[in-house]
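Me: I am new to this one and would like the reasoning behind each label. Please show it to me before I start asking.

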Amino acid sequence: MSKFLTLYTWGTPNGYKPSIYLEELKAAYGTDVIDYEAKPINPNGRIPALIDHKRGDFKVFESAAILLYLAQHYDTEHKFSFDPIADPDNYSEALQWIFFAHGGIGPMVGQLGHFSRLPEKMPSPYAIKRYTDESIRLFGVLEIRFQEDGGREYLAGPGKGKYSIADINVFPWIRGAINFMAIDTAPFPGVKSWFDRLQARETVVAGQAVPPRL
Ligand SMILES: N[C@@H](CCC(=O)N[C@@H](CS)C(=O)NCC(=O)O)C(=O)O
């Protein structure tokens, strides 16, 4: 039987976001609810993109919009999301962290990765300094959040927080910054603990194995 969701993705931070969430949903709800195939080519030339065959081949692009779409239609018990009607404040907080990452961390860490990879004959010290400084500043914003209320475990949700799409949305960028861009985590112990907490989830590891890598 063919799958009812097709995810176009590749082994990049934006590409890992939906595959991690799909693995979470599959583990939580079963393959009757979440059954998907991953393909490496997107006709639009950008990844990620999702086609929902159950809903008239509805198409979704932009990684954060894909997470929100999956939450709306498939995370019906809000295991990894917040109900916008019944739980508006936590829903808003999750949105705030999703937008913060989508508009800030993704572009800044992405540019740092780009300029760090340029050939030696094209040195870009200004760009590397600019995007390193900005990435470190944004890590600092996350650190403030994790130090709130005596130490939070997740970005959104009451108390120490609840693991949600707010975390999944930013995790692959932090992974890239730590593993490939030599951003030192020593000044950011809360971010490091959160990163280790997510990386320890089998589903997060499984989601990272879905997209093909460069
Ligand atoms: N804001 C978009 C960014 C999408 C994007 O730029 N994807 C990159 C990989 S992370 C891509 O497809 N690059 C292909 C190319 O530049 O040719 C999102 O979050 O989905």
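Me: What makes Glu62 a polar contact of the ligand?

Reply: This is a predicted model. In the model, a polar side-chain atom of Glu62 is 2.8 Å from a nitrogen atom of the ligand. The cut-off for a polar contact is a pair of N or O atoms within 3.5 Å, so the pair qualifies.

Me: Which part of Ile47 approaches a nitrogen atom of the ligand, and what does Arg46 offer to an oxygen atom of the ligand?

Reply: For Ile47 a backbone N or O atom is involved, 2.8 Å from a nitrogen atom of the ligand. Arg46 offers an N or O atom of its side chain, 3.3 Å from an oxygen atom of the ligand. The protein buries 62% of the 510 Å² that the ligand exposes when taken alone.

Me: Which residues are around the ligand, and how do they divide into nonpolar, polar and charged?

Reply: Thr12, Asn14, Gly45, Arg46, Ile47, Pro48, Glu62, Ser63 and His102 are around the ligand. The shell has 2 nonpolar, 5 polar and 2 charged residues. Gly counts as polar, so Gly45 belongs to the polar group. The ligand takes up the space of the largest pocket.

Me: What is the peptide bond from Ile47 to Pro48, cis or trans?

Reply: That bond is cis, with omega near -5°. Pro48 belongs to the loop between strand 2 (36–39) and strand 3 (49–52).

Me: Why is the pair of Tyr21 and Phe80 called edge-to-face?

Reply: The ring centres are 6.1 Å apart and the planes meet at 85°. Pairing needs centres within 6.5 Å and edge-to-face needs planes over 60 degrees apart, so both conditions are met. A search of the whole structure finds 11 aromatic pairs.

Me: Why does this pair tie together parts that are apart in sequence?

Reply: Tyr21 lies in helix 1 (residues 13–29), while Phe80 is in the loop between helix 2 (63–74) and helix 3 (88–116), so the parts tied together are 59 residues apart in sequence.

Me: What is the phi of His78, and where does His78 lie?

Reply: Phi of His78 is near 55°, a positive value in a residue other than glycine. His78 is in the loop between helix 2 and helix 3.

Conventions: Residues are numbered from 1 along each chain as its sequence is written. This is a predicted model: local features need pLDDT of at least 70, side-chain atom pairs count only at pLDDT 80 or more; totals for chains, interfaces and linings use all residues. Side-chain values use heavy atoms; hydrogens and water are left out. A residue is near a molecule or strand if one of its heavy atoms lies within 4 Å of it. A polar contact is a pair of N or O atoms within 3.5 Å; within protein, one must be able to donate a hydrogen and the other to accept it, and residues adjacent in sequence count only if both atoms are side-chain atoms. Accessible areas come from the Shrake-Rupley method with a 1.4 Å probe; for residues, only the protein chains shown count as cover. On a 1 Å grid over the protein atoms alone, a cavity is a set of points where a 1.4 Å probe fits but cannot get out, and a pocket is an open set with protein on both sides within 12 Å along at least five of seven lines; lining residues have an atom within 4 Å of a point. A molecule sits in a cavity or pocket if more than half of its atoms lie within 2 Å of its grid points. Rings of Phe, Tyr and Trp (its six-membered ring) pair if their centres lie within 6.5 Å; planes under 30 degrees apart count as stacked, over 60 as edge-to-face and the rest as tilted. Helices (H or I, at least four residues) and strands (E, at least two) are DSSP runs, numbered from the N terminus.
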